[in-house]
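Please look through the sequence and the model shown here, and keep both in view while reading the explanation.

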Amino acid sequence: MASQLRILIIEDSADDALLMVKELERSGYEPISERVETSEGLQTALDRQTWDIVLSDYVLPHFDVKAAINIVRGKDPNIPFILISGKIGEEKVTAALKFGAQAYVSKDHLTTLVPIIEQEITDARLRRNNKRNEQLLVESEQRYRAVVTHLPDIVMIHQAGKIVFLNQSLPQISGYQKEELIGKNLIEFIAPKDRKKVVEMVARRAAGETIDDYEADLVMKDGTLRPFLIRGTMIDYLGQKASLAVLIDIYEREKEEKVKDEFLSIVSHELRTPLEITREGISQVIDGLHGQITEAQNKPLATALKNCDRLGHLIENLLDLSRLEAGKIVPRQEIFDIVKLALETTTTLKARIDTKGLSLKGDFPTEPLYILADKNEISEVLSNFVTNAVKFTSKGSITVSVEKKEEKVECAVTDTGIGISKDDLPKLFRKFQQFARVPGSGEKGVGLGLSIAKRLVEINGGQIWAESEPNKGSRFAFSLPLTQAK
Ligand code: ADP
């Protein structure tokens, strides 16, 4: 099918206009054309419909070519305007082109008309697309700017620490003017105690490592410190490598946690002494120190004693956690063989595993692996893993493993139990999180074991994590740096 072309011809000679149309038809086009001679005619034709191209004679009896170009441009700045004329001299052609005509075709060489029209239509399409793209870019830039500007979190771009972009949040929170921050080194605004950590994290991220969110305090203009959670990623900024950091203000959250921790600490201290007295009293009665008791009397007292122990265990956990959180527990580190410790801990817990009819597997290296850590604390973490594995596994096995991985040692407990859902996994190491009820009258926890374990591993310089699949089982692991034997 022939392509249609909508051509508006500004020409006083009907014959010349016909020649142009014929030339297009010869090249396989199906021109829809209109010839106009006056500015009014031109205006009306432009108002009535859109045109692919305007062909215009240079010599117009009723108005001049510049006026014609102005009218066309006023309607559509991208429509190609081609000048077609007899001999008019180079100067006039140049002037018309300067004024906005796209091309010139001599009436004596009409064979060049079609290729020029095709070229100009392609160029006009490109101009329109570029314009549209530019507009889209501006709109998208405006949208992003609005989102970033109004985000309550701090959004910052820095290059090797130098702040090159900031949204409004840091100036609003810190009291600094934006101008006081842009161009400065980010480290100047980090609390001295956290500077080493931030420098290390920024360098590791720049080297391509994936870094988890971490916390650091920022120094406000009035000198006070405020805690933030820092999340970052590497980006390309104006053709250069840069860090995009989002800083989430955790001041309120920390304040709430502090109040909660203080409350916990007071409550647990206040509970401990009366509980110990109650427990001691019950114990003495059971032991017959205040006269013989009957079997019937012994039964409720034994239950009361068991519950006192449970409560005591909970209070100890709460106290441990509040001490850990307050930084009051300093690990008593020594160099020891973790393979031996894992074997010993597993052996101690073997009876529990057997009682539940589960099989116990060990996967230990033959050579010792030394670490520098608090032996009791590491044993507590491992016991917590095994105890949980027993609690949440009704059939199958529990495997304890120790493995050397580059400069670290990884210790893991794998079970074939109920597993943990994907949604619950990230909450696992937070306080008071329990996702599954232990069936029957089995040992019930309070959801503090793993948050204590996390802190114990961390104060010993290690990392803790869990992997799990519901109904298949879980793997709890921690790793610690290897060291040389004494
Ligand atoms: P708890 O005293 O309740 O065991 P923890 O902090 O040790 O407290 O564990 C928190 C929760 O994590 C548990 O209540 C349980 O829902 C889940 N969990 C821990 N270990 C396992 C495991 N091996 N398999 C399945 N769920 C587990």
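The paragraphs below deal with the surroundings of the ligand and then with the salt bridges.

The model is predicted, and a reading of it can begin with the ligand, which is surrounded by 21 residues. The closest of these residues are N388, K391, D415, Q434 and L450. Sorted by class, the shell around the ligand consists of ten nonpolar, nine polar and two charged residues. Three elements, helix α12 (375–391), helix α13 (449–459) and strand β17 (473–481), each supply at least two residues of this shell, and the largest share, four residues, comes from α12.

Individual atom pairs fill in this picture, and both the backbone and the side chains of the protein take part in them. A polar backbone atom of L450 lies 2.7 Å from an oxygen atom of the ligand, while a backbone N or O atom of G447 is 3.2 Å from an oxygen atom of the ligand. At S474, an N or O atom of the side chain is 3.5 Å from a nitrogen atom of the ligand. Of the 530 Å² of accessible area that the ligand has on its own, the protein covers 97%, and the space that the ligand takes is the second largest pocket.

Turning from the ligand to contacts within the protein, a search of the whole structure finds 30 salt bridges. One of them joins D76 and R128, whose closest N and O atoms are 2.9 Å apart. Because D76 lies in the loop between α3 (65–75) and β4 (81–85), whereas R128 belongs to helix α5 (residues 113–150), this pair ties together parts that are 52 residues apart in sequence.

Conventions: Residues are numbered from 1 along each chain as its sequence is written. This is a predicted model: local features need pLDDT of at least 70, side-chain atom pairs count only at pLDDT 80 or more; totals for chains, interfaces and linings use all residues. Side-chain values use heavy atoms; hydrogens and water are left out. A residue is near a molecule or strand if one of its heavy atoms lies within 4 Å of it. A polar contact is a pair of N or O atoms within 3.5 Å; within protein, one must be able to donate a hydrogen and the other to accept it, and residues adjacent in sequence count only if both atoms are side-chain atoms. Accessible areas come from the Shrake-Rupley method with a 1.4 Å probe; for residues, only the protein chains shown count as cover. On a 1 Å grid over the protein atoms alone, a cavity is a set of points where a 1.4 Å probe fits but cannot get out, and a pocket is an open set with protein on both sides within 12 Å along at least five of seven lines; lining residues have an atom within 4 Å of a point. A molecule sits in a cavity or pocket if more than half of its atoms lie within 2 Å of its grid points. Ala, Val, Leu, Ile, Met, Phe, Trp, Tyr, Cys and Pro count as nonpolar, Asp, Glu, Lys and Arg as charged, and the others, Gly among them, as polar. A salt bridge is a side-chain nitrogen of Lys or Arg within 4 Å of a carboxyl oxygen of Asp or Glu.
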